[in-house]
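Student: Hi! I have a model open and would like to talk it through with you. Could we begin with how the strands are paired?

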Amino acid sequence: MCGIVGYIGQKDGTEIILEGLEKLEYRGYDSAGLAVIDKNRLRYSKHEGKLSNLKESIREEPISGTLGIGHTRWATHGVPSNENSHPHMNGEENIAVVHNGIIENYLILKKELIDRGYTFKSDTDTEIVVHLIDFYYEGDLLGAVTKAVDRLKGAYSLGIISRLHPDELIAVRYESPLILGIGHGELFVASDIPAILNRTRKVVYLENNDVAKLSRDSYLIYNGNRLVEREIKEIEWDIEAASKDGYDHFMLKEIHQQPQAIKDTLLRRIDNNGSIFLENINITAEELKKINRVYIVACGTAYHAGLLGKYMLEQFVRVVVIADIASEFRYNDNFIDEGTLVIIVSQSGETADTLAALREAKSKGARILSITNVVGSSVARESQDIFYTWAGPEIAVASTKAYTTQLVAFYILSLYFGRLKGNLEENLYHEIVNELKELPDKVKKTIYSVDLIAMEIAEKIKDKSSLFYIGRGLDYYTSLEAALKLKEISYIHAEAFGGGELKHGSIALIEEDTPVIAIATQQNLYDKTVSNIKSVKSRGAYVIGITRERNTDLGTICDKVVYLDESFNIFMPLLSVILPQLIAYYTALIKGNDVDKPRNLAKSVTVE
Ligand code: G6P
């Protein structure tokens, strides 16, 4: 999991590449490097640590050139170090390669290359690529690259330059995202759009097995040795959308963007009469009737949205729904046939496990519907039906607005399919849609009303070693997401328990002053949750309750209670997740953690 930027044009590539890498740091940030061709010399700089280390080194020892490639890394093979940073060079240092992905057969290839006399400087899988290119090189860089990538198994997007070819930048895509940016007299290569959006809005999405040869004012794309045409797309969103907008962190900005993101996701689909229009969903009533089972498959936060989605679909569409994590699903012997609908949920649309699960299900005949935030992502391109969450780019590793818009996607899909199948009565449908439209405002109000309380709770829990979230029904699913948020950025051990399950083991963990946050918004289960709260309270827990306005009695049971606006049970998860998001944010902040780039994590996990 890494980010790639490449440049060929008339300007100083170093500056352009560094600027692009900065926008890609969310893809990995344990080391960075770049290589440029400067008057037929290949010059490079690469450093362990954040991009600032690379910048500092280039400030001290400037390198420049009008052709170059850069890389920000998230280690897979080999620890973060200067040697393992990209670019990797061949022995004579006349070819340089940057890589995103994983070469699965690298050990076999490494042995073969060592037997041929090649020596390796790093522990990476990437270094075999540059030596393979060197091995096949006979004066034609593109030819050598084509032969080399033929030998690779795994996932890779590559940027390649050589001092012997000062007018050529080669880009390769297989299973890892890569785009070309089209400028005037200059061309760009990048793992994602924000890297080049300051420079151009014209973009080509490379497809699997594409090998592109870029010169200063033209490019050719080959696929399987055939010359191919790829459509140029115009990017409509603004670079501002990918910057912090005055907030201290992307995460805080993204929490505050939720009302707008939810509104955008809703309003493009529901007209004034309450009818739903889904432009990329093609399932007919006839086809829907034939669907006998639905799997929802995703990773991390997207999986938690899927758990809530399962409930919605079962409720409104009356179909059996199984939610599973992609890394398990892909290796399970699932019941999949032509009557199965698999709903893939992925913010990035590039998560390796999720993509593999999609392909596995598709190969067995399932219909694939994806919920994703990235137009043109791999998940989107390989699905028959797509629901785009219009959350805009999410940069913070801890997902917030992608999650809430994924919930909205499930609300809309369940209502739409419920009506299509004839299971949802018209009046009830309109009542629910009307309330759905109120949610952006309710979410906004919640963000402002719980902000201060979140800070106070963060102070209270910052030195604790453990914290537990409890809830029942939909509140349990929200608890899972709430605990994940706290873990990933505050590094406090947090777990979620279904309230009724506590007595079967977990309650043994409760001692004097153990913080427990109880989510109690599901009115049909409210009394049950109250009993669970009492049981942890009587064992000494410090309990914070999150509930609806009407449940004033909770104030006499908990140490602190946060009241939320009233809404339907199914919509309460949109409101109840806000406080946990902010608690996680402020706790990480107080502890001095890197909020947007927590340790050991990356935003987009494009390797298994
Ligand atoms: C990573 C991120 C999580 C995210 C998960 C799935 O682990 O850190 O925030 O939920 O990947 O990502 P996706 O892009 O498929 O939703």
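Tutor: Happy to. A term before we start: two strands count as paired if DSSP finds at least two bridges between them. Keep in mind too that this is a predicted model.

Student: Fine. How many bridges join β2 to β3 then, and which way do they run?

Tutor: β2 (residues 31-38) and β3 (residues 41-48) are joined by 8 bridges and run antiparallel. One pairing to look at is I37, whose bridge partner in β3 is L42.

Student: And what sits between those two strands?

Tutor: They make a hairpin, with 2 residues between β2 and β3. K39, in the turn, has a positive phi of about 45 degrees. N40 also lies in the loop between β2 and β3, and its phi is near 60 degrees, a positive value in a residue other than glycine.

Student: Nice. What is the strand order in the open sheet of 7 strands?

Tutor: The order is β5-β6-β7-β8-β12-β13-β14, and the pairing is antiparallel. β5 (88-89) and β14 (226-228) stand at the edges; each has a single partner strand, so one side of each lacks a neighbour in the sheet.

Student: Which strand is joined to β14, and by how many bridges?

Tutor: That would be β13 (residues 219-223), joined to β14 by 3 bridges in an antiparallel arrangement. Within that pairing, N223 has R226 of β14 as its bridge partner.

Student: Back to the other edge. Is the peptide bond from H86 to P87 cis or trans?

Tutor: The bond from H86 to P87 is cis, with omega near 0 degrees. P87 is found in the loop between β4 (67-73) and β5.

Student: Changing topic: how many salt bridges does the structure hold?

Tutor: It holds 38 salt bridges. One of them is D594 with K50, where the closest N and O atoms are 2.5 Å apart. That pair links distant parts of the chain, with the two positions 544 residues apart: D594 is in the segment after α18 (578-590), and K50 is in the loop between β3 and α2 (51-60).

Student: OK, what about domains? Where are the bounds?

Tutor: There are three: domain 1 covers 3-243, domain 2 covers 252-437 and domain 3 covers 440-590. Let's take domain 2 and domain 3, whose centres are separated by 26 Å, taken over C-alpha atoms. Their contact takes 29 residues from domain 2 and 28 residues from domain 3.

Student: How much area is buried between domain 2 and domain 3?

Tutor: About 2600 Å², and carbon and sulfur atoms give 74% of that.

Student: And the polar side of things: how many residue pairs are in polar contact across that interface?

Tutor: There are 8 residue pairs in polar contact across the interface of domain 2 and domain 3. On the domain 2 side, α6 (250-256), α7 (258-267), α9 (300-317), α13 (401-420) and α14 (426-461) each supply at least two of the residues that touch domain 3. The largest share, 8 residues, comes from α9. By type, the residues on that side divide into 17 nonpolar, 8 polar and 4 charged.

Student: How many salt bridges are found across the interface of domain 2 and domain 3?

Tutor: Just 1 salt bridge is found across it. While you have the model open, also look at K442, which forms a salt bridge with E435; the closest N and O atoms there are 2.8 Å apart.

Methods: Residues are numbered from 1 along each chain as its sequence is written. This is a predicted model: local features need pLDDT of at least 70, side-chain atom pairs count only at pLDDT 80 or more; totals for chains, interfaces and linings use all residues. Side-chain values use heavy atoms; hydrogens and water are left out. Domain bounds come from an automatic or database domain assignment. Contact means heavy atoms within 4.5 Å. Buried area is the accessible area (1.4 Å probe) that two parts lose on being put together, summed over both. A salt bridge is a side-chain nitrogen of Lys or Arg within 4 Å of a carboxyl oxygen of Asp or Glu. A polar contact is a pair of N or O atoms within 3.5 Å; within protein, one must be able to donate a hydrogen and the other to accept it, and residues adjacent in sequence count only if both atoms are side-chain atoms. Helices (H or I, at least four residues) and strands (E, at least two) are DSSP runs, numbered from the N terminus. Ala, Val, Leu, Ile, Met, Phe, Trp, Tyr, Cys and Pro count as nonpolar, Asp, Glu, Lys and Arg as charged, and the others, Gly among them, as polar.
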